[in-house]
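Ready for a few exercises on a structure that may be new to you? Try each task before you read its solution.

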Amino acid sequence: MGYTPHILVIGGGVLGTGIARDLAIRGLDVTLVERGTLATGATGRMQGILYSAARFADSPDMAKLVHSENETLREIAGHCIEDTGGLLVSHAGDSDERFESLLEGCAELDFPVEELDAEAVREREPELGGDVERALAVPDAVVDPFRLTVANAKGALEYGAEIRSHTEIIDVAVEDGTIGTVTVRRDPSPTGKPEVDDGRGEPATDGGRPGETGTRDDQRGDTDGKEVPGSGRRGAHAPGGLDTSPSLPDDVAGRFERMKDDSLDEIDADYVVNAAGPWAGEVAGLAGFDLPLSFSQGAMVVVDDCPVDAVVTRWREDDEGNTVVPYGTNALLGTTHRDVAGPHDVTEEGAEVDLLVDELSEVVPAVWDPHALRSYWGVRSWPEGADSEHGFAIYDHGEYDDCWGMSSVLGGSLTTHRAVAEAVAGDVCRKFGISRTCRTAGIPLPGSEDEQILDDAMAEFDVDSPLVRRTRRQPGQRGSETFEAGPDNPVVCECQAVTRAEIQDAMRDESGTALDLNDVRIRTSASMGECQGGLCAHRLAAELYPTCDSETTEATLDGLLAERWKGQRHTLWGEGLQIAMQNYALHAGTMNRKSESTVLLSSREADVSTGSDDQENEKSGMSGKTGGVSPSANSVPLGLFDDGGDRERSERPMWGERQR
Amino acid sequence: MTDVAVVGGGLGGCMAALTAVRDGAESVRVVAPSPERYRHETGLIDVLGYVPDRETPVVRLSFEMRRLPDDHPYNLVGAKVVDEALETFDDLFVADDGLPYERGQSDRNALFGTATGSVRPTSRYPESVSAGLLSDDRPVRLVGFEQLTHLGATLVGDRLAESVPYDVAATSVDFPMTPSEYPPVVEFARALDRNEETADGTPIREALANEIRPELDVEPRVGVPAVLGLEESEAVRSELETDLQAEVFEIPIGRPNLPGMRLGRRLFEVLEAEGVIVDEGAPVVGVETAGERIENVSIAEDGTETEDTEQVRADTYVLATGGLAAGGIEADREGVSERVFDCHVPHPDGRENWTEAEPLGDHPFVEFGVNVDGELRPCGPDGTPEYDNLRAVGRVIGGRDFVAEQSTGGVAISTGYAAALSALRDES
Ligand SMILES: Cc1cc2nc3c(=O)[nH]c(=O)nc-3n(C[C@H](O)[C@H](O)[C@H](O)COP(=O)(O)OP(=O)(O)OC[C@H]3O[C@@H](n4cnc5c(N)ncnc54)[C@H](O)[C@@H]3O)c2cc1C
Ligand SMILES: Cc1cc2nc3c(=O)[nH]c(=O)nc-3n(C[C@H](O)[C@H](O)[C@H](O)COP(=O)(O)OP(=O)(O)OC[C@H]3O[C@@H](n4cnc5c(N)ncnc54)[C@H](O)[C@@H]3O)c2cc1C
């Protein structure tokens with residue numbers, strides 16, 4: 001056959017990685033780019049249900065698709081799924097019609113469901129509210145979107161694909177009705193961690209060096225192992241690029257300018273698949289195209305207890321706030337549907353949190369008691385005019401925009417992603433006259449046999465799942481190191497029992513540089529417990545020192561506290577608000593982190609004479625006239641303050657006197 | 001029949017009870033459900049650290065107090081009463097060797113380093129921290145303990161070194177015992193109290209000095225995380241000082257805070273010595289009122305009302321239950337309330353208006369608490385007292401960010417003192 005088309009896949013969510021894997025298995029050359037880490041988009045902010053077909057019984061086509069995908073994923077990705085089962089429950093007063101049509105639909109389609117009366121329901125789920133009248137037991141399951149995405153990516157790697165995270169598409173050139181060069185920018189310090197010159201000074205990814213507009217082949221040649229996941233993070237380069245020159249014209253001269261920035265790189269692929277999820281419209285926009293997408297935002301609340309064993313969904317017309325998903329010791333309440341204009345239009349509001357708690361405490365009264373740990377929001381996208389939010393479409397820009405070389409994928413769901421990927425990959429192959437069948441349904445995802453492979457891939461791609469925490473940090477995994485608390489390994493975060501060794505392990509990445517605290521949090525779950533980081537955030541920060549300087553340590557502590565605050569801010573009442581107040585008192589009061597830091601000047605530096613009260617208090621805000629010492633608005637002469645009065649003070653001891 | 005019943009056993013409640021008993025009340029009772037609360041306290045008594053629009057700490061207390069707004073608790077009770085109250089507090093400790101407190105130059109703020117290396121003003125402080133005064137220009141050595149992550153000594157030392165005009169050095173050593181729990185704060189303190197023997201038979205105080213000694217250069221003072229004993233803290237510290245030939249001071253850390261726990265113990269000792277009845281561990285579960293007066297409150301060990309729930313009947317009551325952090329003020333998703341007497345708590349409508357976007361922003365929730373009149377009586381929305389015989393003291397009073405102002409201790413002491421006086425005046 002000779003010629004192997006090179007396909008560029010944009011987006012490292014569950015779908016993009018699924019497409020990359022499919023194409024790679026079919027033998028095509030594949031490069032996937034993701035601007036953040038894998039699963040940072042809709043995939044990392046969803047509700048985690050592997051849907052059962054019963055949920056779609058009123059639209060037979062979707063139901064059949066979901067039915068087969070639910071079974072397929074259980075076969076190839078069982079290690080990313082927890083088979084909790086699901087209950088679709090109906091309360092007294094809920095529409096009988098909807099429940100009946102659910103039953104009928106399932107019967108017609110021959111789906112295995114089991115109807116339960118109130119008593120049988122309560123036997124299975126004793127915590128369900130008193131109003132439950134009947135339920136349908138369905139094969140819902142809980143899926144870990146982070147592990148599934150990484151498993152896809154690892155599967156793609158195994159078949160020769162290249163996965164580049166922290167690499168953002170910033171331009172898609174169109175030349176003569178054809179997609180031309182795609183420009184990407186690598187994030188040189190993807191987590192905002194301090195710049196470290198590791199002396200290598202060389203971009204580790206590929207041949208995209210200044211002024212070098214290498215062809216695809218020599219780029220590929222340079223990488224030599226495509227298996228350099230997240231390799232964008234290794235080289236240390238000055239950040240910058242387009243942000244500093246936003247008005248660059250998109251012409252040759254402008255492109256040339258940009259190529260001087262060595263965080264930029266060009267990719268000339270034979271075909272581009274835009275799988276940027278809710279951001280697909282923006283990516284298409286880079287080529288000048290519009291996409292017909294609709295969007296909605298959905299809120300989810302993580303609570304501190306797990307009152308159910310199965311995914312419990314209240315089955316009624318209104319599907320706002322209807323599901324409780326069990327996640328180990330936590331439960332996830334979800335979700336809401338608010339139409340929004342796009343992924344940047346999300347507004348996080350306490351009202352949605354209230355709605356979830358109100359609605360779901362009718363279903364599972366116990367969700368009222370535990371305190372809400374945090375809330376987060378995700379954005380769904382689907383083809384405009386589709387029957388459901390789960391519909392999908394392949395939008396061929398050749399067809400709609402008269403431009404050969406790119407298709408955008410609209411919509412889909414995590415449950416159906418493999419089938420969507422199959423359709424997309426088949427479509428791409430047809431374009432090149434390749435007729436290879438899809439094999440993704442028959443090949444188990446990496447880690448199915450030996451889960452260590454997936455654990456390692458999670459570490460390799462720097463993704464941690466909030467569900468299966470600290471998998472990469474099991475004792476013994478790295479040398480003989482153990483993370484158990486012990487005489488030499490104190491606990492830093494008591495709520496989550498995270499030890500110093502774990503923190504230090506999480507601080508290391510491939511290049512041995514320090515990370516920011518948010519990464520440490522995501523990797524270890526430190527600061528994610530009941531105290532919301534109040535008791536440990538500053539202690540985590542201290543562990544970064546002296547690897548990071550004190551300014552960086554402070555800044556990253558501020559960053560961590562800000563992140564934790566963002567998550568809890570909409571769930572503050574009851575015990576949550578009490579803890580927030582205690583944290584405020586500790587950080588603003590005990591630690592005095594709210595006011596500007598004070599610098600003390602010695603008496604020599606600040607000529608202090610005891611004047612009137614007014615003068616003295618003025619002096620406490622004095623600045624620069626004291627010469628020499630870094631004077632600033634927050635320096636104060638030390639001599640103005642209490643010197644201990646007539647307290648006795650010991651003399652400076654003689655050197656040597658102390659040594660026995 | 002009790003003259004004065006105080007609900008809540010924090011600093012404000014203790015001051016109210018003590019003042020009442022000293023000022024002639026025949027029987028005073030304190031309902032103190034949770035002495036554990038002192039674990040949150042640093043033991044430092046802040047009177048006024050910051051005033052609006054100035055970034056540097058207040059120097060002279062009396063001067064700045066006068067410039068606070070009229071409805072500030074200090075102005076409600078008046079400068080003279082504030083002075084008397086602080087003096088009463090000081091007198092509790094100076095004459096006593098159980099828990100010495102310092103007031104240094106009592107009208108000037110003192111400055112100390114925090115467990116994150118910031119500089120922080122305070123007014124009254126236990127002797128165990130006093131050698132750490134930053135407004136004393138001798139060099140310092142901080143020594144952290146490897147097993148205790150609450151104080152990253154090198155980070156704190158380096159941050160402090162950026163803020164003071166003298167040398168601050170820092171190191172970490174092993175605390176000479178293996179913890180069996182985390183955080184090991186109380187465990188370390190107990191071992192030092194009892195001067196337990198370490199594995200090689202050395203008494204632990206001596207073993208600790210042996211760990212620290214090689215780290216010392218010429219510094220005349222050494223700071224360690226606040227773990228130096230709970231009951232025998234003075235003995236522990238003075239033995240270390242003799243051994244090390246240096247002054248030793250403690251740095252208050254996050255929870256649990258031993259200096260705060262020592263303060264709590266000391267206050268309860270004083271109360272009991274003066275004949276105040278203290279009910280520990282039983283919260284108020286019910287209140288009976290008649291017209292404008294509170295008739296009695298009932299208390300129950302396990303927090304639920306039963307037939308044999310005990311009733312406390314008093315002439316006058318002091319509400320000293322603390323703010324949101326202590327549970328005196330509580331919130332549900334709709335609103336905010338005062339827990340025991342259901343006094344009015346002003347708050348913005350809509351939970352989204354309770355917080356700001358910045359973690360340490362000027363959050364309205366920080367100011368949740370009751371409004372009080374000039375006699376410290378909690379008032380309803382119309383500004384009239386909720387009850388004739390109820391006064392509020394300390395953090396349960398709202399309307400101001402006492403945390404950022406660094407005035408919580410002083411406000412508790414002053415209002416506790418003033419409320420007792422005003423209540424006795426009324427009843428007589
Ligand atoms: C609230 C909510 C709940 C849901 N619940 C469920 C459920 O329970 N079950 C289920 O099956 N499905 C559920 N879904 C749907 C499912 O999560 C999504 O369909 C799926 O995750 C979408 O994956 P994706 O790969 O298409 O998009 P994404 O995961 O968003 O991936 C797109 C990626 O593209 C990247 N990107 C964007 N722009 C660029 C650029 N310029 N350059 C490089 N990369 C770029 C983004 O960073 C992102 O990682 C839910 C969705 C939401 C929002
Ligand atoms: C199924 C599921 C279950 C969950 N269960 C729990 C739970 O039990 N407990 C709990 O507390 N939380 C849980 N979560 C929430 C989850 O861990 C996150 O906390 C949540 O997604 C909120 O995100 P965040 O805002 O905290 O950002 P995070 O997702 O925590 O972090 C943001 C990430 O995005 C990266 N990033 C930020 N900006 C960019 C950019 N411009 N480009 C590229 N990358 C960027 C950051 O480096 C970081 O990795 C769950 C989430 C899911 C999907």
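## Exercise 1: A salt bridge in a helix

Lys80(B) pairs with Glu84(B) in a salt bridge, with 3.2 Å between the closest N and O atoms. Find out where the two residues lie and how exposed each one is.

**Solution.** Before the steps, some ground rules. This is a predicted model, in which local features need pLDDT of at least 70 and side-chain atom pairs count only at pLDDT 80 or more, while totals for chains, interfaces and linings use all residues. Residues are numbered from 1 along each chain as its sequence is written, chains are lettered from A and ligands numbered from 1 in the order in which they are written, and side-chain values use heavy atoms, with hydrogens and water left out.

- Step one, the rule: a salt bridge needs a side-chain nitrogen of Lys or Arg within 4 Å of a carboxyl oxygen of Asp or Glu.
- Step two, the place: both Lys80(B) and Glu84(B) sit in helix α4 (residues 79-94) of chain B, four residues apart, about one turn of the helix. (Helices are DSSP runs of H or I with at least four residues, strands are runs of E with at least two, and both are numbered from the N terminus.)
- Step three, the exposure: buried means under 20% relative accessible area, exposed means over 50%, and partly exposed is in between (1.4 Å probe, protein chains only). Lys80(B) has 61%, so it is exposed, and Glu84(B) has 27%, so it is partly exposed.

## Exercise 2: More salt bridges

Work out which elements hold Arg185(A) and Glu168(A), and how many salt bridges the structure holds over all chains.

**Solution.**

- Start with the total: it comes to 68 over all chains.
- Now the pair: the side chains of Arg185(A) and Glu168(A) meet in a salt bridge at 3.8 Å, N to O. The pair links distant parts of the chain, 17 residues apart, with Arg185(A) in strand β11 (residues 178-186) of chain A and Glu168(A) in strand β10 (residues 167-175) of chain A.
- Check the exposure: Arg185(A) counts as buried at 15% relative accessibility, whereas Glu168(A) is partly exposed at 26%.
- For another case, look at Arg377(B) and Asp373(B), whose side chains form a salt bridge at 3.2 Å, N to O. Both of these residues are buried.
- Finally, a network: Asp96(A), Glu100(A), Glu115(A) and Arg134(A) are joined into one by salt bridges that share partners.

## Exercise 3: Where the chains meet

Describe the interface of chain A and chain B: how many residues does each chain bring, and how much area is buried?

**Solution.**

- Count residues: with contact meaning heavy atoms within 4.5 Å, chain A brings 88 residues and chain B brings 97 residues.
- Get the area: buried area is the accessible area (1.4 Å probe) that two parts lose on being put together, summed over both. Here it is about 8,000 Å², and carbon and sulfur atoms give 55% of that.
- Look for charged pairs: the rule finds seven salt bridges across the interface. One is between Asp362(B) and Lys594(A), at 2.7 Å, N to O.
- See which elements of chain A take part: those giving two or more residues to the side that touches chain B include α9 (350-363), α16 (550-568) and α17 (574-590). The most comes from α17(A), with 13 residues.
- Sort the residues: chain A's side divides into 34 nonpolar, 28 polar and 26 charged. (Ala, Val, Leu, Ile, Met, Phe, Trp, Tyr, Cys and Pro count as nonpolar, Asp, Glu, Lys and Arg as charged, and the others, Gly among them, as polar.)

## Exercise 4: Two helices of chain B

Compare the span of α10(B) and of α12(B) with what is expected, then decide whether each helix is largely enclosed or not.

**Solution.**

- Get the yardstick: the expected span is 1.5 Å times one less than the number of residues.
- Take α10(B), residues 258-273: its 16 residues reach 22 Å from first C-alpha to last, close to the 22 Å expected. Twelve of the 16 residues are buried, so α10(B) is largely enclosed by the rest of the structure. Among them are Leu258(B), Arg262(B) and Phe268(B).
- Step past the end: just after α10(B), Gly275(B) takes a positive phi of about 90 degrees.
- Take α12(B), residues 408-427: its 20 residues reach 28 Å, close to the 28 Å expected. Since 16 of the 20 residues are buried, α12(B) is largely enclosed too.
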